Amino acid sequence: MIKTLENKKTGPKRTFRDKIFDYSCQKIGKQRTKTFFKLYDLARFDLFGKPKGAIGSIDITNRCNLRCKHCYFYAHDYEKQPELTDDEWIEKLESLKETDFPFYQCSWVGGEPLLRKDLVERGMKYFKSNLIATNGTIELPNWPDVNFYISVDGRKEMHDAIRGKGCYDKILKNASRPDLKIHVSMVVNKMNYQDIEYFIEEWKDRGVKGCLFQIHTPVKGLQNDDLWPGWQLRDEILDTLLKLKEEKYGDFIGVPGLVLKLMKSDKCKEITRNCIFKKVAFCFDPQGQIKKPCMMGPQADCLRCGCVLPFHMWALEDKWLMARELLISLRRKKVKKNPAISSQPERVGKEIR
Ligand SMILES: C[S@@+](CC[C@H](N)C(=O)[O-])C[C@H]1O[C@@H](n2cnc3c(N)ncnc32)[C@H](O)[C@@H]1O
Ligand code: SF4
Ligand code: SF4
């Protein structure tokens, strides 16, 4: 197998679109070209829907340097099975090139993906957009085009209680990288929900782009069901996030208000029962096999799912509401630049509420 790869020229498939991209870069520069292509993709996906496999995740490793209390990943016995080698993974991606796999957006997860930095660097070249979900305890590589999502589960004492002593200080050091696109991501559970505002305050002036919130998803077979907040508290958590977003932190909270509303108990079950993410996304496990129904694996309790993705995708189906949300967000940015605007009536905002 290694021999075959050595002899074969590997790398992302070059399409007609790539040729136009390169031509445009020469003419108007890379940054502008990227913006145009992003807008084009958004319009295309909006009109025709995302193609199957346009987004998804790869568990690039079954190893992790931590054992967090809430983690779904170790509900499986992945570590007992060998993971694909670097060349086997590249061969897997090469074989996808023979299909109509869209190679659009990939989230690199695991385990801890930065334990296989070299491989992730090779694999990322196949996709147009890449996201790395990391525990932040390993130095971040110099990848300015990538979106890093560092998991932070509350204040230092709380984070270390969930993830292990000393983790928080490592994150503070590794996240001080103004040269990179970094978000912080908190999984809210019964243990840490009181830390939400503290967490935002702690990170809002540290140069990260924003913060993401998800809610603990119970996974059968793991001894962590006590982290599930219950429906009533879950709704209160979502109300708190909505209030903080609307009244104080705006777009620094990276989850749209509409998505937070859809996650509430009166709506969420219909959405997770008909999970769009499960239908359209790709997820590979560390052996390169399709992981079903999603990256959280078959033991995840869909009805109590706290992942934002199904709700995000559901919201996108309602294009008009998302367009309004976008207008509100643009207005917030304008107000931030020119506070005098805030005294004018907020027409768009009132319509959505
Ligand atoms: C499995 S981890 C892999 C990436 C990396 N090791 C990390 O911790 O960010 C991906 C994300 O899933 C989250 N996660 C793990 N178990 C979860 C659960 N039961 N419910 C919701 N999110 C969970 C983690 O907090 C992390 O943000
Ligand atoms: S660092 Fe990530 S993969 Fe590792 S145990 Fe924690 S949540 Fe799971
Ligand atoms: S756990 Fe959540 S994201 Fe995964 S398939 Fe179920 S509802 Fe969808």
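This is a short walk through a predicted model, from its confidence to the surroundings of its three ligands.

Let's begin with how far the prediction can be followed. The average pLDDT of the chain is 88, and 87% of the residues reach a score of at least 70. One stretch to keep an eye on is residues 343-353, where the pLDDT is below 50. Beyond near neighbours in sequence, residues 343-353 have eleven contacts in the model.

Now turn to ligand 1, which has 19 residues around it. The closest of them are Y72, A133, N135, S151 and T217. Two elements, β3 (129-134) and β5 (181-188), each give two or more residues to this shell. In character, the shell around ligand 1 holds eight nonpolar residues, ten polar ones and one that is charged.

Next comes ligand 2. One run of names around ligand 2 includes C64, L66, R67, C68, C71 and F73, and G110, G111, E112 and N135 belong to its surroundings too. You may recognise N135, which is also among the closest residues to ligand 1. By class, the residues around ligand 2 comprise five nonpolar, three polar and two charged.

Our last stop is ligand 3, with 14 residues in its shell. Here the closest residues are C275, P293, C294, C302 and C305. Helices α12 (276-280) and α13 (308-317) each contribute at least two residues to the shell around ligand 3. Eleven of the shell residues are nonpolar, two are polar and one is charged.

Note on methods. Residues are numbered from 1 along each chain as its sequence is written. Chains are lettered from A and ligands numbered from 1 in the order in which they are written. This is a predicted model: local features need pLDDT of at least 70, side-chain atom pairs count only at pLDDT 80 or more; totals for chains, interfaces and linings use all residues. A residue is near a molecule or strand if its C-beta atom, placed from the backbone, lies within 6 Å of it. Helices (H or I, at least four residues) and strands (E, at least two) are DSSP runs, numbered from the N terminus. Ala, Val, Leu, Ile, Met, Phe, Trp, Tyr, Cys and Pro count as nonpolar, Asp, Glu, Lys and Arg as charged, and the others, Gly among them, as polar. pLDDT is the predictor's confidence in each residue, from 0 to 100. Two residues are in contact if their C-beta atoms, placed from the backbone, lie within 7 Å.
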